[in-house]
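Me: I am new to this protein and would like to understand the words used to describe it. Could you walk me through the reasoning behind a few of them?

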Amino acid sequence: MPRRDDIGHILVIGSGPIVIGQACEFDYSGTQACRVLRDEGFRVSLINSNPATIMTDPEFADATYIEPLTSEYVERVIAAERDAGHPIDALLPTLGGQTALNLAVALHEAGVLERYGVELIGADIDAIQRGEDRQRFKEIVRTVGAEVPESLVCHTLDAAAAFAASVGNQVVIRPSFTMGGLGSGMARTADEVRTMVARGLAASPVHEVLVEQSVLGWKEFELELMRDRNDNVVVVCSIENIDPMGVHTGDSITVAPAMTLTDREYQHMRDVGIAVLREVGVDTGGCNIQFAIDPRTGRMIVIEMNPRVSRSSALASKATGFPIAKIAAKLAVGYTLDEIPNDITRKTPAAFEPALDYVVIKVPRFAFEKFPGADPVLTTHMKSVGEAMAIGRNFTEALGKALRSMETKAAGFWTVPEGDLPVAELMAQAAVPTEGRLYLVERALRAGAGVDEVSAVTGIDPWFIDQIAQIVELRAELVQAPALTPGLLRKAKRHGISDRQLAALRPELAGEDGVRLLRLRAGIRPVYKAVDTCAAEFAAATPYFYSSYDEETEVDRTGKQKVLILGSGPNRIGQGIEFDYSCVHAAMALRAAGYETVMVNCNPETVSTDYDTADRLYFEPLTFEDVLEVVHAEQQSGTVAGVICTLGGQTPLGLAQRLKDAGVPVLGTQPEAIDLAEHRGSFSRVLSAAGLPAPKHGTATSFEQAKAVADEIGYPVLVRPSYVLGGRGMEIVYDEAHLSDYIARATEITSDHPVLVDRFLDDAVEIDVDALYDGTDLYLGGVMEHIEEAGIHSG
């Protein structure tokens, strides 16, 4: 069925500001939608309020409105376009997260869509209501013969408390029409039920909660599906949560494809998912359905459905190479799956289901270090601020790469000092779902706990525990071996063990650099495999690569000069979507200038990791070892002009000097200049040499030095570490006791990275200046004044 010709102008709604549960994955989906709709000849208008997004750049839509995402402002946009002679024919709300979906419902209920003759495409109101309304969805699941937990939709506290009491007060509270688990929680007592229901009713825009019998400890799975108007359905990807039910899927480490289902269980899940999708009525687009399976009996129940592109859709897209948002946009305007070509193979249609011959692991990134008083226990309310994804030929290889993609002090097992805890204490800590749970699992296994014991206390499937036990066995082999032979070294690399991890186990090798030299002398380097959507049944025409210590590489030689762009890794507070914006623009500009652009990043939510943003994409950790190997692979396939380290935030900045020392050409701002700005002591000397006024200051690497500086310049002082982002570790200190406490907590302080102690300026006005300099001309891009006085971070 060809594209629709009865509509010509489509309004796309973005997702607004980045919040926990709704992040830059919707910039990715919205950008894809705008691109594909314009390519198809439609006029596209966009409304969004987030200036850090790619989609709000003027070139992505015919008309871009930076406005609040409320029904009042959307109506104004619809009216403005009509008055300008461009009446909007259709609204696409399924690519902007829960915000866009809720807005579509509000516009429908207010009669705005009918008044202006605007049609909803992608999902109609009935499908949205059936997928989002908890009770209607449960009735639909029952009609297709599947099971759901016992539950009741409640609008009052008393009704919820009465139902919870009838099922023993072991319940999950889920507000309707919210995202990221907002207002949800798991209650175990009558008092907890009342507290959580009150919170959930307040969070729901329709003052409604689902009180549901708890399936705490069951295994959790997701299916990502797509359907067209001819009733063709594809299952794009299956995803399994490593953590059991009780931890929000956004906070759990997840793996694709699902690892612990029998074929019979998977086929049953697939049949139920397709039946639910059809019954709900999502007839032109994608959806995400979540399931729980009782590990003791195999009983399967359906948990919930998102009748839209979700965070998991972005993960499934990057895991498979199947562009869900792009295809959803095409389905919304009339195409069918068999009419849409697969960009990666260029031989198969979108009706050809992806097949994976590799393992994908997603690890969430948290920011508890920013909020020391926050509860670190993971629940059904999402707390992670970002995520990283890794691809490997086996589970342990993908896990090792994912853990070292996190940009935390621990970059995989054994990379930070460990206390000496007894196995019982380690087991007790591992029983509680927290950010570092897998590290505790590994330590418990190493301390002598059995696979079944650890599985019993954590609720994690024994298969996953056994995989970590294999790493523990490998560790013992690496530690006890008289020498690190080429065979043992290759075995370690195939299990995802980094040079840094090996250096921690074998101190005689003189650190990470020593391990690398040993590895290179033995000729042990990774090769790069292509993500091809079809398990190598067809050749991949799009160069989207991941590393593995396998036999042959799939990176072809090319004739153009190459520029590598280092991305920003997982989103976190202080380093988010704005750096992805910079990297994407670099790829666009350099491609236009005739260079072959090579993107290196590990964040599945971003536009930069879309397979067609750069000429080549490497889904790899942003560590020195991994980036150096990508540089080598590209040098083998052509001429590398250099690497850009200044657009991806603090992560690539920290790699610049080591890359240059290793002989890699660094483009743009050189590491020495980066150090003058990032190293607090060096920057203070720059100011002094230039005769520029600055608050009284000094640098310190110990409490004694910091106290001497503070005594000389007087309190209050501002204490700032070097090479940090988002003001991490920065504090206003008012007295000596506070200073002593700060130094005790400031783990970033070293002789290479001192802290700057300077006089805090009370009642000061703070100004930001953005500038570009080419060595001759200086261009001031903007001058911004902070409304708050100095002391509030500019972010």
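**Helices, burial and rings**

Reply: Gladly! In this predicted model, F395, T396 and L399 of helix 12 are in contact with W463, F464, Q467, I468 and I471 of helix 16. By class, six nonpolar and two polar residues make up this contact, with no charged ones.

Me: Why are helix 12 and helix 16 called roughly perpendicular?

Reply: Their axes come within 10 Å and cross at roughly 80°. Angles of 65 to 115 degrees count as roughly perpendicular, and therefore helix 12 and helix 16 earn that description.

Me: What makes F413 and W414 a tilted aromatic pair?

Reply: Their ring centres are 6.2 Å apart, with 40° between the planes. Centres within 6.5 Å make a pair, and planes neither under 30 degrees nor over 60 apart count as tilted, so F413 and W414 are a tilted pair.

Me: How do you know that F545 is buried?

Reply: Its relative accessible area is 3%. Buried means under 20%, so F545 qualifies. Y618, at 0%, counts as buried too. F545 and Y618 form a tilted aromatic pair, 5.3 Å centre to centre. F545 belongs to strand 18 and Y618 to strand 21, so this pair ties together parts 73 residues apart in sequence.

Me: Why is R76 said to lie over the face of Y73?

Reply: R76 is 4.5 Å from the ring centre of Y73. The limits are 6 Å from the centre and 35 degrees from the ring normal, so R76, which lies over the face of Y73, fits the description.

Technical notes
Residues numbered from 1 in each chain as written. Predicted model: local features only at pLDDT ≥ 70, side-chain atom pairs only at ≥ 80, totals over all residues. Heavy atoms only, no water. Axes fitted to C-alpha atoms, helices over the stretch in contact; angles between N-to-C directions. Helix = DSSP H or I, 4+ residues; strand = E, 2+ residues; numbered from the N terminus. Parallel < 35°, antiparallel > 145°, perpendicular 65-115°, else oblique. Contact = heavy atoms within 4.5 Å. Nonpolar A, V, L, I, M, F, W, Y, C, P; charged D, E, K, R; others polar. Phe/Tyr/Trp six-rings, centres within 6.5 Å; stacked < 30°, edge-to-face > 60°. Buried < 20%, exposed > 50% of the residue type's maximum accessible area, 1.4 Å probe, protein only.
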